[in-house]
Amino acid sequence: MSHLVLHHVVTLTVDSDPDTLDTLQSELPADGAPFVGPEYDGPQRIDDDDSLSDGEERLTARVTFVSGTIDVDGTTYDGATEAADLYSRLAAAVPSGATLTHYQSPTGGVTSSDVQAWYEDHPEEQPTDDNGDAFVPSSWDPSRHVVSEF
């Protein structure tokens, strides 16, 4: 049995005016929120990229959520539900051209043997080749595990 643990992940990249980014950033959970998983990147904002228009900034964030459910001070949090809720809130507010993705991925130092063992334990998740035959990958490709995309 594989010990690879999947976490729900929500990523966001958006170029827009500072007020819009302030609104989106306010939707992101704090790093210390009880349902935030082991990896939290962001939110980060830049305004000095030559690809940005005048008055625009870029906001990026990547939030993992706890795997399964946890109980903290009498409140139960479900990582999948928290991720789906964040995705929905952001999807309702992001301007066109933003990249918003909700997917499942392992975290930390995942080896190819970890990935192979997980796929062997989950044959229904195995991708297929051009001939339609299932195969066991040796690397994790989040695009195979996308829950929703904006």
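**Exercise 1.** Which backbone oxygen does the side chain of Tyr40 reach? Work this out in the predicted model, and then describe the surroundings of Tyr40.

*Solution.* Begin by placing the residue: Tyr40 lies in strand 2. Next, follow its side chain, which reaches the backbone oxygen of Pro29 at 2.5 Å. Then list the contacts, leaving aside residues up to four places away in sequence: Tyr40 touches Leu28, Pro29, Ala30, Asp31, Arg62 and Val63. For one of these, Val63, the C-alpha atom is separated from that of Tyr40 by 4.8 Å, although the two residues are 23 residues apart along the chain. Finally, decide on burial: the relative accessible area of Tyr40 is 16%, and since buried means under 20%, Tyr40 is buried.

**Exercise 2.** Determine the order of the strands in the open sheet, and explain why strand 2 and strand 7 each have one side without a neighbour.

*Solution.* First, read across the sheet: its 5 strands follow the order 2-3-1-6-7, and their pairing is antiparallel. Strand 2 (36-46) and strand 7 (146-149) therefore stand at the edges, where each has a single partner strand, so one side of each is left without a neighbour in the sheet. From one strand to the next, the twist averages 10°. Now look at one pair within this order: strand 1 (residues 6-16) and strand 6 (residues 99-106) pair in the antiparallel sense over 8 bridges, and Thr13 stands opposite Thr99 in strand 6. As a last step, add helix 1 (residues 18-27), which packs on the sheet and touches strand 1, strand 2 and strand 3 (57-65), its direction making about 10° with that of strand 3.

**Exercise 3.** Identify the buried residues of helix 3, and explain why they line one face of the helix.

*Solution.* Start with the list: in helix 3 (residues 112-121), the buried residues are Val115, Trp118 and Tyr119. Seen down the axis of helix 3, these buried residues fall within an arc of 95°, so they line one face of the helix. What covers them includes strand 1. Two of the residues can then be examined individually, for Trp118 counts as buried at 5% relative accessibility, whereas Tyr119 has a relative accessible area of 0% and is buried as well.

**Exercise 4.** Describe the aromatic pairs of the structure, taking Trp118 and Tyr119 as an example.

*Solution.* The structure holds 5 aromatic pairs. One of them joins Trp118 and Tyr119, whose rings are 5.1 Å apart centre to centre. The angle between their planes is 85°, and because planes over 60 degrees apart count as edge-to-face, the pair is edge-to-face. Elsewhere, Phe35, Phe65 and Tyr77 form one aromatic cluster.

Terms used:
Residues numbered from 1 in each chain as written. Predicted model: local features only at pLDDT ≥ 70, side-chain atom pairs only at ≥ 80, totals over all residues. Heavy atoms only, no water. Pairing = 2+ DSSP bridges. Helix = DSSP H or I, 4+ residues; strand = E, 2+ residues; numbered from the N terminus. Axes fitted to C-alpha atoms, helices over the stretch in contact; angles between N-to-C directions. Contact = heavy atoms within 4.5 Å. Phe/Tyr/Trp six-rings, centres within 6.5 Å; stacked < 30°, edge-to-face > 60°. Buried < 20%, exposed > 50% of the residue type's maximum accessible area, 1.4 Å probe, protein only. Arc of directions from axis to C-beta. Polar contact = N/O pair within 3.5 Å; in protein donor to acceptor, adjacent residues only side chain to side chain.
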